[in-house]
Amino acid sequence: MTRRTPPRPLDVEQLFPEVAPLRKRTVRLHPRAGAPTYRESSVGGPLLWPRDEPWPVCPDHHRSPMVPVVQVRAADALGLVPFPAGCDLLQVLWCPRPHDGCWVVPEVRWRDAAAVGAVREAPAVGGGIPYGRIPKPCVVHPEVVEEYPSWDLPDELWDLLEPRFEQLEAETGWDYQSHLSTAPGTKLGGYPGWCQDPQWPDCSGCGQRMDHLLTVESWEADAASRLTWAPVEDRGVRYEDAGLMLGDAGGLYLFECRRCPGRPVKDRFDCS
């Protein structure tokens, strides 16, 4: 089944033409509980991992194995995120155990799916994992949507538009941040799903701001954003998702530098 995000309830660019140049596209993954195979895109599903390649482990926790978080085939990135030459598979893992100053320690791998022969199963993690750190297996339903900056709206533009945002909400009940701007949930590209002030990292190699690769959020949408961002197929329907809980319903944001060799990655996280 596909997932279709309904159009915004109001014409954002007609109301706020100042944000039109800041429009971006993102791929909402819409993870739903299922039984994905290691050859499919998934959240929390099995990874297409070569049997002869060591499984990533966390150096901080007695070599505890990392857990699969996201696997995306290039075809399911819908042309939005450029894959490295010769690669058609993005894999993200993390160590779910507590770390000083962060919730999880992530790792990103790119690979050629056709080059993988025999497959290695993910090793058992053991106990002592905080609730909501290991995603339940989910199939995904990739969908490209357009979005506008929320927390990433420049301060001077926010100061200019805030009175109009408040007037719109008073007249219609629709809030720019929750209902009209940035798509919530786990997604590729576009704007990160910040809960607080943006923390865009710069590349340690070239010094330029890195590109947003992936947001992994605790849930698809909160009570407010669900009013307009819930897919048409899920209106009034209870569904099971990946069951994540990152901090106080926050998210992890991965960034990469597409200019430097090896596409270095950095991560940020926040919560409400």
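## A tour from sheet to cavity

Select D211 to start: across from this residue, in β13, stands E256. Keep in mind throughout that the model is predicted.

**The strand pair.** Widen the selection to residues 211-217, which form strand β12. Add residues 251-256, strand β13. The two strands run antiparallel to each other, and six bridges join them.

**The whole sheet.** Now bring in the other strands. β12 and β13 belong to an open sheet of six strands. Read across it in this order: β10-β1-β11-β12-β13-β14. The pairing is antiparallel. Which strands stand at the edges? Select 143-147 for β10 and 265-270 for β14. Each has a single partner strand, so one side of β10 and one side of β14 lack a neighbour in the sheet.

**The cavity.** Next, select P31, T186, E217, W219 and A242. Of the 13 residues lining the largest cavity, these lie nearest its centre. E217 should already be on screen, since strand β12 covers residues 211-217. How much space lies in the largest cavity? About 90 Å³. The structure holds one cavity of 30 Å³ or more. Sort the lining by class and you get five nonpolar residues, four polar and four charged.

**The cysteines.** Show the cysteine sulfurs. How many disulfides does a search of the whole structure find? Zero. Go to C195 and look towards C271: its sulfur is the nearest cysteine sulfur to C195, 6.8 Å away. C195 is in no disulfide. Is C195 buried or exposed? Partly exposed, with a relative accessible area of 22%.

Move on to C203. Here the nearest cysteine sulfur belongs to C260, at 3.7 Å. A disulfide needs the two sulfur atoms within 2.5 Å, and C203 is in none. C203 counts as buried, because its relative accessibility is 4% and the cut-off for buried is under 20%.

**Last stop: S64.** Select residues 64-65, strand β5, where S64 has its place. S64 is buried, at 5% relative accessible area. What does S64 touch, leaving out residues up to four places away in sequence? Show V57, C58, R97 and V125 around it. With those four contacts of S64 displayed, the tour ends.

Conventions. Residues numbered from 1 in each chain as written. Predicted model: local features only at pLDDT ≥ 70, side-chain atom pairs only at ≥ 80, totals over all residues. Heavy atoms only, no water. 1 Å grid on protein atoms, 1.4 Å probe; cavity = no way out; pocket = protein on both sides within 12 Å on 5 of 7 lines; lining within 4 Å. Points joined across faces, edges and corners; volume = space filled by probe spheres on them. Nonpolar A, V, L, I, M, F, W, Y, C, P; charged D, E, K, R; others polar. Buried < 20%, exposed > 50% of the residue type's maximum accessible area, 1.4 Å probe, protein only. Pairing = 2+ DSSP bridges. Helix = DSSP H or I, 4+ residues; strand = E, 2+ residues; numbered from the N terminus. Contact = heavy atoms within 4.5 Å.
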